[in-house]
Structures are given as C-alpha cells and as structure tokens.
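Dear colleague,

I am handing over the structure we spoke about, and I would be glad if you could read the notes beneath with the model open beside them.

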Amino acid sequence: MFGKRSGGNGGKPSSGSTNVMDRADAAPRSSSPAQKPSADLSEPPKSPVKKIKVTPPTAPTQSAEPERDESYYDTKSQVFSALIDTIDLSQLAKLDVESAREEIRDIVNDIIAIKNFALSIAEQEELLDDICNDVLGYGPLEPLLARDDIADIMVNGAGKTYIEVNGKVEESRIRFRDNGQLLSICQRIVSQVGRRVDESSPICDARLPDGSRVNVIAPPLAIDGTALTIRKFKKDKLTLDQLVNFGSITPAGATLLQIIGRVRCNVVISGGTGSGKTTLLNCLTGYIDTDERIITCEDSAELQLQQPHVVRLETRPPNIEGEGQITMTDLIKNCLRMRPERIIVGEVRGPEVFDLLQAMNTGHDGSMGTIHSNSPRECLSRMESMIAMGGYSLPAKTVREILAGSVDVIIQAARLRDGSRRITHITEVTGMEGDVIVTQDLMKFEIDGEDANGRLIGAHRSTGIGKPYFWDRARMYNEEERLAAALDEMERSS
C-alpha cells in the first residue's frame, strides 16, 4: 500500500511488497554498499538490547494516565522518525482510518524488531497507539479528548498540560514530543474548519468535529511554545433534568426555564468564563417547538440544536491579505433577511448586541444570546456600553428604553469558588422608571456557608413575586397552569 523509500535511491518508491518498510532506513548500514540487512527478524540481535522503562497501562478508567519517563519519549521519537522516512504519506491519506492504522502498526512492529527495543506486549501496544494518534489523530491529546469527565484542556507548550476535572485544575502527565509536534497538531485541528495558524497568523479560534471550542496562540506571541486551549463538549448533550441532578437548579426552577424557552421570551444568558452559558443555552433551545425556523450565529459553531429547521451560520476571520472578514454584525444583519422566527447568537461580544436587540424588538420573539457578566444588572450595563462602543450616538435613556423593550429575561450562571456551577438568578426586565431599567428576580441562589470539605452550602429561593410579566404569554401557549405550579413549588421550598 505504501511506496518504500530508502536513503540509497533518492527517496523514490521501490518495487516489491508495498506493505513492508525498507529496513535499510531503520537498521545499521553494512560496510558493503551492495549488502542489505537481513530480513529475518528471528535472528538474535548482535548489538546490546536497549531497554526502556514504561509502566504498563492500568485498566482503562476515566482518570488513568500512564507513567512515562524520558526513555519512552526517546524511543518513540526514534520509531516515529523511522516511520516517517519509510511510509508514503500521500498513499496513506487515501486510506480509511482503520486501514491506515493497520498499515502503520505493521511497519512500526518491523521498526521495533529491527532496532532491538525490548518491549512487553502491553508496552508495544501503548507505543503503537501513541504513534497512530500522532499520524492520524491529535497525538497526545487523544486520551484526554476521549475522557468525558474533562471540561477543559490547557496546553502550555510541549512540556506542560493541564486539565479541569470536576471544576478543579490539575496537571496532566501528557506531554508532546516537541513544540513542532504541538504546532503540527494545532494546524491539523484548525485546517478542518478552514482556518490557519502560523507565524504570520498566530492567533486562531476553531472547533473540533464534536463542537469543542479550540483556541491557539503560536510563537512569536506565545513565548514558551504554542498555547492550546480546548473547551470540551460532552458527547451526550446535557439536559435541564441533568442540571437538576447536579444541583445547578431546582426542579421547579427547571420547569420555569422550560416555560421561558417555549413561550418565546427574549432571553440573555449571563455569566463568567466557564460558568456554563453555552450549555444552558443548549438546554433552553431543547424546548423550542419543532415547527419554528431557527438561525444561529456563532464565532465557532458549538450549539447542538435538535430541531429539524435550523440554519447555522459562522463568522470568518480575514485572510492573509486582511480581506474577506465576516463579522457577527454581518451575520445578524443577513439572517434578518432569511425569514427567521428565532435568532440565537452564541456569544455577544461587541456592537452586534444592537442588531440582536433590534431583532428582538421587530417580531423575532424568543431570540437568545449569551454575554460575559457577573450579575443581571451588570449584564444590562455591559450591553449599554457595547452599543456605545459601536459608535451609535444615541442618548443613554434611548438605549435603555431599547434594552428594556427587547430583553424579557436574564438568566445568570456562575461557577462558584468550590468549582460547582449554579444558576444564580432568573431575572425579569420589567420596564423603565425614569432613566433606570427596572428588574425583578423570580429566583435567586443564596449561599449559607460551606461544609468541612470546602463545598458551598446554599439553596435556590423564590423572591415571592406573584405573577411574572410573561404570564399572559404563558397563557397563549397553554402553560399557565404549569407556570403557576412551578411558582408555588418555588415559594414552598423557600
């Protein structure tokens, strides 16, 4: 399947079996140029056997990572270099993944035998998997990406990798062969979505096929080697019921969110970095009726909507000449011409907030978006300042009137200091009093203290509001009884 290459023929493919590597690349050369090394791998090695220390892999668990020392990476580097000199990468690219893995495994087994590395079966399998991942996948990242308990992967150059598990950051034993391998894997990731990262374009946002968010910043901006950050998406999309099980919200609060999502309230989800804004937005979209036309606008496509009538749009950065950029504002303005019933913006970061508010105010009820802020009141202030940053010379009162008339509900998410994620506020925007936007909290999470293990103790409590402002809207969707029952349950549990 692969053309063989050797140092003696100028790298040209040779005839003969296409499955076996040219052993002249891996074995020591004879003093006679015409003499080829023996292909009989059963002969005992004439040179001392080189031993390396690799701890056998444990039973596969979510947190198991193999212990490896420098000799393992040295052996892997030698085998990998011999493999690259042997295989024809253009032929390898034509194979499906499983066939390519089998070809690589056959050649690596030959290299290990010729170079006289003493490895147990378990150690050899581990090395084979690592090298296959390097050639076909994401290299050392593969075992981390396979773990569903990891929320974030943070690579600080080739030698340092950190992961977030259960809200806490810890160092991983995973490392890269060198900075070249790390940058190569980053380029492989971003090229899948038509992006590029190199010295001329050292910053890039991209995504993995499963929707995980990727950020890369390469040298010369990253001084100690390429920095890679991956915000992982779970394989199974979280639901509001699961958030209830995790303690992020009460059952009555979850019912309230379901109703808010279904009755076409205009919603802004507010929260800090890593607080679960996008996860919560995904949960809310699960309650949109299947006959509605939804258009999503994102910097990197992460939302996982299950409705049949969804159009997904994604921004585009400028090319190497600095042209061709498509901004979030461009996407939102265009989707207004696409006959949307709901517009969902993955994250509002700048002047595009004005276009989203205009959409909310012109017949696109039920539109949603997320924004970075630490409280519902701060969320409104940030949107006001983003409009000012966009160069709109509107009086402050006019901007606030637009905000009050557009946004119905602000849902505040937070990651607390013990690593837990909670929905801390469900807040209505009720209108204006003078120059001030008036809000009322339907539910709040209040912290009462912490236990001996440092876990925060608290409860979601109702604020005693009788009827929310979207009561009439709930009646239109025949959700009035469920809303009343949820509010009563919240009141009793408080």
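What follows goes through the two sheets, then the largest pocket, and then a few single residues.

Please keep in mind throughout that this is a predicted model.

**The sheet of six strands**

One open sheet is made of 6 strands in the order β5-β4-β3-β8-β7-β6, and the pairing in it is antiparallel. Its edges are taken by β5 (168-172) and β6 (203-207), each of which has a single partner strand, so one side of each is left without a neighbour in the sheet. From one strand to the next, the twist averages 15°.

Within this sheet, β3 can be followed on both of its sides. Towards β4, strand β3 (residues 150-156) is joined to residues 161-165 by 5 bridges, with the two strands running antiparallel, and one of the pairs that you can look up is M154 with its bridge partner Y162 in β4. The two strands form a hairpin with 4 residues between them, and in the turn G157 has a positive phi of about 80°. Towards β8 (residues 227-231), β3 is again joined by 5 bridges, and this pair also runs antiparallel. Here V155 has L228 of β8 as its bridge partner, while the bridge partner of N156 in β8 is A227.

**The sheet of nine strands**

A further open sheet has 9 strands in the order β11-β10-β12-β13-β9-β14-β15-β16-β17, and its pairing is mixed. The edge strands are β11 (310-314) and β17 (456-462), each of which pairs on one side only. On average, and with direction ignored, neighbouring strands of this sheet are turned by 25° against each other.

At the β17 edge, strand β16 (residues 436-450) pairs with β17 over 7 bridges in the antiparallel sense. Two positions may help you to set the register: E446 stands opposite A459 in β17, and G449 has I457 of β17 as its bridge partner. The hairpin of β16 and β17 has 5 residues between the strands, and G454 takes a positive phi near 85° there.

**The largest pocket**

For your own work the pocket may be a useful place to begin. The largest pocket has a volume of about 1,000 Å³, and of the 41 residues that line it, K234, L238, G276, T279 and R421 are the closest to its centre. The elements that give two or more residues to this lining are β3, β4, α9 (277-285), β14 (409-415) and β15 (421-433), so far as this can be read together with the sheets: β3 and β4 are members of the order β5-β4-β3-β8-β7-β6, and β14 and β15 are members of the order β11-β10-β12-β13-β9-β14-β15-β16-β17. Which element gives the largest share of the lining of the largest pocket? That share, 5 residues, comes from α9. By class, the lining of the largest pocket holds 11 nonpolar, 14 polar and 16 charged residues.

Helix α9 deserves a second look in this respect. Of its 9 residues 8 are buried, so α9 is largely enclosed by the rest of the structure; the buried residues are K277, T278, L280, L281, N282, C283, L284 and T285.

**Single residues**

Three further residues are worth checking in the viewer.

- T370 has its place in strand β13 (residues 368-372). T370 is buried, with a relative accessible area of 1%, and its side chain reaches the backbone oxygen of G346 at 2.5 Å.
- H364 is found in the loop between α11 (352-360) and β13. With a relative accessible area of 10%, H364 is buried, and the side chain of H364 reaches the backbone oxygen of A359 at 3.1 Å.
- D488 lies in helix α15 (residues 480-493) and is partly exposed, with a relative accessible area of 43%. The C-alpha atom of D488 is separated by 8.7 Å from that of A252, although the two residues are 236 residues apart along the chain.

With best regards

Conventions
Residues numbered from 1 in each chain as written. Predicted model: local features only at pLDDT ≥ 70, side-chain atom pairs only at ≥ 80, totals over all residues. Heavy atoms only, no water. Pairing = 2+ DSSP bridges. 1 Å grid on protein atoms, 1.4 Å probe; cavity = no way out; pocket = protein on both sides within 12 Å on 5 of 7 lines; lining within 4 Å. Points joined across faces, edges and corners; volume = space filled by probe spheres on them. Nonpolar A, V, L, I, M, F, W, Y, C, P; charged D, E, K, R; others polar. Axes fitted to C-alpha atoms, helices over the stretch in contact; angles between N-to-C directions. Buried < 20%, exposed > 50% of the residue type's maximum accessible area, 1.4 Å probe, protein only. Polar contact = N/O pair within 3.5 Å; in protein donor to acceptor, adjacent residues only side chain to side chain.
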